[in-house]
Amino acid sequence: MNIAANPVVENNDTVYLKDYKKPTFLVESIHLDLKVYDDHAVVDSTLVLQRQTAGDLVLLGRDLELKSIRLNGELLSETEYQLDAEQLRLSNLPDQASIQTQVIIHPESNTQLEGLYQAGNLFVTQNEPEGFRKITFYPDRPDVLSVFTTRVEADKKYPVLLANGNLLETGEVDENRHFAIWQDPTKKPAYLFACVIGDLAVLKDRYTTSEGRDVALEIYAVEKDIPKCHIAMEALKHSMRWDEEHYGRPYDLDNYMIVAVSQFNMGAMENKGLNIFNTSCVLADEEYTTDAAIMRVQSVIAHEYFHNWTGNRITCRDWFQLCLKEGLTVFRDQSFSEDLQSAAVQRIDDVAVLKAHQFPEDAGPLSHPPRPDHFVEINNFYTATVYEKGAEINRMMATLLGKEKFRQGTDEYFNRYDGQAVTVEDWVDALTAGSGVDLSNFLTWYNQPGTPKLQVTAEYDAQKQSYRLNLSQSLKEHPKYPNLKAVPIPVALALFNAKTGEQLTLHSDALFVNAVKDGVYLFDQDTASIEFSGVTEQPVVSLLRNFSAPVNLEFDYSDDELAFLIQYETNGFNQWQAAQTLLERVLLKDHSVEPYIQALQKTIPDLVQHDPLLASRLFDVPTEGYLGSRIDHDYQPEVIQTKRNAVLNTLATALGSFWKDTYLSLDPTLQSEFSQAMGERALKNITLAMLARQGDEHAFELAHQQYQTTQNMTERLGALRVLVWNDAPQAAQALQDFYQRYKDEALSLDQWFMVQAANPNATEASIRALTQHPDYDLGTPNRIRSVSGGLSNNPVNAWSFGVEHYLELAKYLDQKNPILGSRLLQVLSRWYTLAEPQRSHVQNALKALQPLVKSKNVTETLSSMLSV
Ligand code: TRP
Ligand code: ZN
């Protein structure tokens, strides 16, 4: 029979939200039987179908070799169905029908890491968003929910056989093969189906839910990685408790399994009761992974766990609604992480990501609304806008409602829609009904692209003792979205006494619609003013505290006012933001760095003592990449690099002996709290780098000593970075040592590649040496990302010899792993901001790539990138 070929990409592949139609049939139940062999797998499926609306049955399938198809037990001939590269169509079916298919697939040669694929000694699935159609013919869309029973059969060299739900039966087929049968009692869409076949060890624990359910918790990984699974296990239990306490959501099955896999396109996947994780998001150990990685593990564990309610039990009607589950789940995992460590620093780190990735995305050719209204390849929409801006929209509504009303709103959402596939409108409706506060105008945020500009001016009237803020908002025109409207912007604010630094109590009268409530003003018009009375002296205002809305704020602060806020603002986030705003002016507008230095001198010594983690963030100097993203034309990466280095040199000199004194005073091993120790380690690495920048004669010795004596990866890597990036005499030997220590630890070795790729002095030859290293592997996304991501740390390098690197990769991955290829190509999406002749050079190179690529993923990204 037919072997379905790769689809040909056509321009009319675009799918539109407005064309949504209900499925013609629902699937009451599916029985899957997967038999895995060395050179193929056989998949038998039985679907019990129930008609819902008139029309043909459409079963989606890709790269499947169809062996047989039966309708109610009767074998069908080729004239009785229509088969093409994307679907199997049956006409004139009765209202109830059973369809059985048998197909052959090839997990052993599946390099796309989508569907069922082999990764080393392991077979795993990745079905979100549209991978299930690569396993069997199915109505592969999220609004078709079914009960899955799965039989998995494989050679006994793979002792672990897992699928979703409860284990019903295990047994032998013959001497060499065995099987397991699993059943998931909860109805779910096919994208949440998972199975795992392999030779893995397991870490076990238990958890009792608020309802008294005793849940078996299991984390599967290769034997030697089991000791690195404890942090994830603790985070899992913590997440389960947190969701009960904060959202009233207990877990609903008797087991919860997590499987770590080293070849994975993204972070992790929330398959029902059987999460599959990139090793980088589950393995955590101070000796092998960095503090940042440990924090990420905890937040991703929470993220996937929280999906059980926001995503799985209530799922998306269609993929345009992706931000319904992702935006809400990111907001939930961010809140969880705020409770885990310092809330201010968590917010700082989350906003830094938003501004470094989502703002530039939304300002360029890949800009799209959090809920897009059309796409060619849905995999291209797992973006910072869907995830991070989606989270910000939820945060704004939560801020506005306050804790209690927000909880009433989410309770209403879970009560109304449990077990259903719903839309963004349903979510906002439920929040509105539950809280009694009309939030319907927040839908505008979901449907429009672009970052709003919020302009604010202030007037103080000493006579009237009144302080007035005038606000206006605007959005950049977008060719595809002509009728952009004002959005509701919660503006959290505070006034400070300019002399004493004390916060003032607010009295306010909105001249137009809303008033300031609990320190938040809801600005939902094109323009508005607020007036504060009884203000006896000219105050300093702090706007958008905690980053209460994802907007670009323009307010004419003086540099001294920003320095004041670094010193006196009690909202840690706005303290950091004031420093960032000031430094951005220094770096992009040639302001003096003096006010920043003076504010640091007044603030830092004390902060280093009682909050080292926040202190470490106040030294953040905006990265070259971020600064570049703030420049819309004639961008010259070298100019930014030179300026940034000059500022860092000034800081190194200006704070004099502070760096060495602080470096020598820190001892993270004496801290019992993780976040305190993490803060001290961050400070140690910053101060060490500054010592090297000062040219301190002992800097390299100290770095080498730190490298050799520490047991902690954050410290070891921080020291290695200083040695390598400064071409220290000890660099080569330290690199050699690091390689020997960690050559069998993939995640640590990723860091070895990353440090070298991110070296500001990297060259075309040094990058090529990395990509030709025997441990470089184009089949392992983590390894590719360590080099490509490292390279992008230095825009000067990325925009010169890096361009060729990214284009070559995109061309190669277009065939092998188009999801990854498309994502890596996006590193070049701001090509149009470059100064000539670089701009034309990159543009021509991108155009030259166009005829060479075939996948929808890369084709769509490339054509969007070139459409400026
Ligand atoms: N739903 C996953 C998450 O955010 C995302 C994901 C995991 C994914 N793997 C994927 C998306 C592969 C697309 C392709 O938790
Ligand atoms: Zn998610």
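This is a short talk that walks through one protein model, from its overall build down to a few single residues.

Hi everyone, and thanks for coming. Please keep in mind throughout that this is a predicted model.

Let's start with the whole chain. The domain assignment splits the protein into domain 1 (1–199), domain 2 (315–447), domain 3 (453–549) and domain 4 (656–729). If you take the centres of domain 1 and domain 4 over their C-alpha atoms, they sit 53 Å apart. In terms of secondary structure, you'll be looking at 26 helices and 33 strands. How does the radius of gyration compare with the globule rule for 868 residues? The protein comes out at 28 Å, close to the 29 Å of the rule, so it is as compact as a globular protein of that length. As for extent, the C-alpha trace spans about 90 × 65 × 60 Å along its principal axes.

Now for the inside and the outside. Of the 868 residues, 60% are buried. Contacts reach a long way along the sequence: among those between residues at least 6 apart, 70% join residues at least 24 apart. On the outside, the accessible surface is about 33800 Å², and carbon and sulfur atoms account for 47% of that. What about charge? There are 76 positive and 117 negative charges, and their mean positions lie 2 Å from each other.

Let's zoom in on one helix. Helix α16 covers residues 699–709, and its buried residues are Ala 699, Leu 702, Ala 703, His 704, Gln 706 and Tyr 707. Which helices help to cover them? The cover includes α14 (658–665), α15 (674–694), α17 (713–725) and α18 (731–742).

Next, a single residue: Leu 613, which you can find in helix α11, residues 612–618. Is Leu 613 buried or exposed? Its relative accessible area is 3%, and the cut-off for buried is under 20%, so Leu 613 counts as buried. Setting aside neighbours within four places in sequence, Leu 613 touches Gln 341, Ser 342, Val 345, Ser 675, Met 678 and Gly 679. For a sense of distance, Cys 316 is 297 residues away from Leu 613 along the chain, and their C-alpha atoms are 38 Å apart.

Finally, some backbone details. Most residues other than glycine have a negative phi, and most peptide bonds are trans. Here are some exceptions to look for.

Where are the cis bonds? One joins Glu 128 and Pro 129, with omega about -5°. Pro 129 belongs to the loop between β11 (122–126) and β12 (146–155). Another cis bond runs from Glu 836 to Pro 837, with omega near 5°. Pro 837 is in the loop that links α24 (818–825) to α25 (838–849).

Then there is positive phi. Asn 92 is not a glycine, yet its phi is about 55°. You'll find Asn 92 in the loop between β8 (87–90) and β9 (96–105). With a relative accessibility of 76%, Asn 92 is exposed. Asp 518 is not a glycine either, and its phi is positive at about 50°. Its loop lies between β29 (516–517) and β30 (520–523). Asp 518 is exposed too, at 75% relative accessible area.

That's the tour. Thanks for listening, and do have a look at the structure yourselves!

Terms used:
Residues are numbered from 1 along each chain as its sequence is written. Chains are lettered from A and ligands numbered from 1 in the order in which they are written. This is a predicted model: local features need pLDDT of at least 70, side-chain atom pairs count only at pLDDT 80 or more; totals for chains, interfaces and linings use all residues. Side-chain values use heavy atoms; hydrogens and water are left out. Domain bounds come from an automatic or database domain assignment. Helices (H or I, at least four residues) and strands (E, at least two) are DSSP runs, numbered from the N terminus. The radius of gyration is taken over C-alpha atoms; the globule rule is 2.2 Å times the number of residues to the power 0.38. Buried means under 20% relative accessible area, exposed over 50%, partly exposed in between (1.4 Å probe, protein chains only). Contact means heavy atoms within 4.5 Å. Accessible areas come from the Shrake-Rupley method with a 1.4 Å probe; for residues, only the protein chains shown count as cover. Lys and Arg count as positive and Asp and Glu as negative; His and the chain ends are not counted. The place of a charge is taken as NZ of Lys, CZ of Arg, CG of Asp or CD of Glu.
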